[in-house]
Structure formats: C-alpha cells, structure tokens
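Thanks for sharing this one with me. Below are my notes, in numbered points, for you to read alongside the coordinates.

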Amino acid sequence: MTSLPIQPRKVAFDVSSVPRHWNGGDPVLTRFFDALSVHFPEGERFFIQSVRNFKDQVTDDQLIEDIRHFIRQEGQHGIVHDRFNDVMASQGVDVDKVTTNLRTFIRTTQKYLPKKYQLAMTAAFEHFTATLGEAMVSEKSDMFGEADPVMRALFLWHGVEEVEHKAVAYDLYQGAAGGGYLTRASALVVATLMVHLVVAPVFWNMLKLDGVTRQPGVILKGLNKLYGRKGILTGMLPDFLAWFRPGFHPWDTGMPEKVAAWLAEYEAHGDPMQASETIYGPDLVREAA
C-alpha cells in the first residue's frame with residue numbers, strides 16, 4: 001500500500017464563461033458530470049459528518065491528522081461545486097430543488113441508518129469518487145479530452161484529492177468503527193443504487209431542459225461513451241468491483257503516475273490550471289478553449 005500525505009488546497013476557478021455543453025460539446029457527457037456536481041456539496045457534508053461521528057474514537061495520530069485534512073478537502077470541494085451550481089442555476093437548472101431533495105434524503109438516511117452503516121456508505125462513495133479520479137488520468141479513458149479547460153481543471157483537482165484521501169473513511173470504518181466485510185460489501189451496492197436513483201432523474205431533467213430528450217440519437221451516442229463496451233464508466237469496472245474482494249484496501253491500486261505529476265506541478269506554483277496542462281497538455285487546453 002502506498003498512501004499520500006493529504007494536503008488541503010484552497011483553489012478558485014472562474015466558471016463564469018464555461019459553455020453550456022462544456023465537455024466536448026456533448027450534452028450527455030456534460031450533463032452527466034453536471035448531475036454529479038450539483039449533488040456534491042450536500043454529499044460532501046454527509047461524508048464529513050459520517051467521519052466526525054467516529055473521529056473521537058481514533059487513537060492513531062496519523063489517522064487523526066488524515067481525518068482533519070480529509071474534512072478540509074471535502075469542505076473545499078463543496079465550496080467550489082457550489083459556485084458552479086450557481087452557473088447551472090443561471091441556465092435554468094432548479095438547483096435549489098435538487099439540493100432540498102437531497103438534503104431531505106440525507107437527513108432521512110441519518111435518522112434511520114446506524115452511524116456505522118453511514119460510515120460504510122461514505123467509504124463506498126469515496127471508493128467511487130477515487131476510482132473516478134484515477135480514471136480521469138488513465139491512458140484508457142478520454143473523460144475530459146475535449147473539455148473546457150476550466151471544468152477539466154476543476155474536476156481533475158477534485159479527482160486528485162479524492163485519490164489522496166481515498167483510504168481515510170475506509171480505515172476509520174475498519175478500525176474505530178470495527179467494520180466487517182458484509183456491511184462494507186452491502187454498502188457499495190446500496191451506494192451504487194442511490195447514485196442512480198438520485199442522480200438519474202436530475203440528469204434526465206437537465207437533458208430535457210436542453211431539448212436533448214427529443215434527440216434519441218444524441219442520447220444513445222452519449223450513453224455509449226459512458227456505458228458502452230469501451231465507455232468511461234465501463235472502463236472503471238475492474239477497479240470498482242475490486243471493493244468486493246475480502247482483502248481489499250483502497251491503496252491496492254497505488255498512486256497513479258499522473259496524480260503524482262499533478263501534485264508536483266501544483267506544489268511548484270499553486271495553479272490548478274497549469275497542473276491540469278501537465279496531465280492533458282497545453283495544446284489540448286488551448287484547443288478546448
């Protein structure tokens with residue numbers, strides 16, 4: 001296992017001029033990530049609270065420090081995605097309704113599910129976001145190859161930090177919470193169902209707002225890029241399903257070289273846009289602009 005020192009970063013992105021269909025002009029690819037983004041701020045707050053429920057039971061100094069930085073990173077993710085959510089609201093997306101619905105859903109979850117299971121779900125969601133983060137820099141994935149440079153840099157920064165702290169909730173669950181395999185395995189099943197049940201209607205409503213639901217060819221082409229044989233999400237399956245291996249640990253996949261490259265570049269100047277160019281190349285960034 002190869003862990004990373006977790007480093008909170010206070011960043012800002014000028015999302016005011018981001019085009020409506022910022023991911024290569026593809027409305028399906030764009031709105032898929034928009035539908036994730038609109039849920040991130042409330043989701044991050046759920047993750048933070050789930051971890052806080054057990055942090056006082058931790059005796060390991062390193063994990064205590066990791067939890068502190070995890071909370072700061074997740075809080076910053078919420079702030080940045082809230083700002084982009086304002087852009088989506090200006091496009092006509094009912095961000096307030098989505099946020100209210102998710103907040104109600106989360107409060108119901110917190111009321112009826114044991115805190116230990118909430119933490120297991122947080123670890124499962126973190127596995128999804130870390131796997132997504134690693135896929136962002138994979139040679140096999142073209143997740144943001146033609147994306148607007150600002151949005152590409154925003155999601156890449158978020159993805160890198162998800163890789164950085166990918167084991168925090170897991171280690172807390174396994175250690176302080178005394179978590180077991182069956183609960184962990186079921187939590188990923190439940191979390192996956194929740195993502196589709198909660199995010200899919202918002203995704204569809206965004207496409208409807210854009211008039212894309214009357215264009216089945218566009219929808220099928222976009223969905224193929226996500227779920228097809230060589231799709232973005234399909235390519236994540238091996239690492240995603242590794243969660244169900246009894247001896248699994250998040251750091252089994254190690255640290256991707258391009259994540260290390262992004263971190264080194266950011267450390268040099270503190271600019272996530274330049275760090276993004278390290279991964280995608282300045283020529284692609286200029287073309288996407």
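**Notes on the pocket, the cavities, the core and some helices**

1. Let me start with the largest pocket: helix 4, helix 8 and helix 9 each supply at least two residues of its lining. Helix 9 makes the largest contribution to that lining, with 5 residues. Please keep in mind throughout that this is a predicted model.

2. How is the largest pocket lined, and which residues lie nearest its centre? The lining has 26 residues, and Lys-140, Ser-141, Asp-142, Met-143 and Ile-232 are those nearest the centre. The volume of this pocket is about 610 Å³.

3. Helix 8, one of the pocket's contributors, covers residues 216-227. Its 12 residues should span 16 Å at 1.5 Å a residue, and the end C-alpha atoms are indeed 16 Å apart, so the expected and modelled spans agree. Ile-219, Gly-222 and Leu-226 are buried in this helix. Viewed down the helix axis, these buried residues fall within an arc of 75°, which means that they line one face of helix 8. As a reminder, an α-helix has 3.6 residues a turn, so residues three or four places apart point the same way.

4. What does the buried side of helix 8 pack against? Its buried residues pack against helix 1, helix 7 (181-209) and helix 9 (232-241). On the face turned away from that buried side, helix 8 carries the exposed residues Pro-216, Gly-217, Leu-220 and Lys-221.

5. Helix 4 (115-136) also helps to line the pocket. It has 22 residues and reaches 31 Å from first C-alpha to last, close to the 32 Å expected at 1.5 Å a residue. This helix is mostly covered, with 20 of its 22 residues buried.

6. Is Glu-134 buried or exposed? Glu-134 lies in helix 4, and its relative accessible area is 12%, so it counts as buried, the cut-off being under 20%. Apart from neighbours within four places in sequence, Glu-134 is in contact with Val-163, Lys-166, Thr-253, Gly-254 and Pro-256. If you plan to look at this acidic side chain, Lys-166 is one of the contacts to display alongside it.

7. Now to the enclosed space. Rolling a probe the size of a water molecule over the atoms shows where empty space is left. The count here comes to 4 cavities of 30 Å³ or more, and the largest cavity has a volume of about 340 Å³. There are 19 residues lining this largest cavity, and His-39, Gly-43, Phe-47, Phe-125 and Val-195 are the closest to its centre.

8. Which helices line the largest cavity? Helix 1, helix 3 (95-112), helix 4 and helix 7 each supply at least two residues of the lining. Helix 1 gives the most, with 7 residues.

9. Gly-43, among the residues closest to the centre of the largest cavity, is placed in helix 1. With a relative accessibility of 13%, Gly-43 counts as buried. Leaving aside neighbours within four places in sequence, Gly-43 is in contact with Leu-102 and Ile-106. Gly-43 and Leu-102 are 59 residues apart along the chain, while their C-alpha atoms are separated by 8.2 Å.

10. Two further residues can be read together through Val-38. Asn-85 lies in helix 2 (residues 61-90) and counts as buried, at 2% relative accessibility. Not counting residues up to four places away in sequence, Asn-85 touches Ser-37, Val-38, Pro-41 and Val-95. Asp-96, in helix 3, is exposed, with a relative accessible area of 61%. Asp-96 and Val-38 are 58 residues apart in sequence and 9.7 Å apart in space, C-alpha to C-alpha.

11. Finally, the core. The largest nonpolar core has 92 residues, and those with the most contacts inside it are Phe-13, Val-15, Trp-22, Phe-33, Phe-144, Phe-155 and Trp-262. Helix 1 (residues 27-55) gives the most to this core, with 13 residues. What surrounds Phe-144? Neighbours within four places in sequence aside, Phe-144 is in contact with Trp-22, Asn-23, Phe-33, Met-136, Arg-152, Phe-155 and Tyr-280.

Key: Residues are numbered from 1 along each chain as its sequence is written. This is a predicted model: local features need pLDDT of at least 70, side-chain atom pairs count only at pLDDT 80 or more; totals for chains, interfaces and linings use all residues. Side-chain values use heavy atoms; hydrogens and water are left out. A nonpolar core is a set of buried Ala, Val, Leu, Ile, Met, Phe, Trp, Tyr and Cys residues joined through side-chain atoms within 4.5 Å. Buried means under 20% relative accessible area, exposed over 50%, partly exposed in between (1.4 Å probe, protein chains only). Helices (H or I, at least four residues) and strands (E, at least two) are DSSP runs, numbered from the N terminus. Contact means heavy atoms within 4.5 Å. The expected span of a helix is 1.5 Å times one less than its number of residues. The arc is that of the directions from the helix axis to the C-beta atoms. On a 1 Å grid over the protein atoms alone, a cavity is a set of points where a 1.4 Å probe fits but cannot get out, and a pocket is an open set with protein on both sides within 12 Å along at least five of seven lines; lining residues have an atom within 4 Å of a point. Grid points are joined across faces, edges and corners, and a volume is the space filled by probe spheres set on the points.
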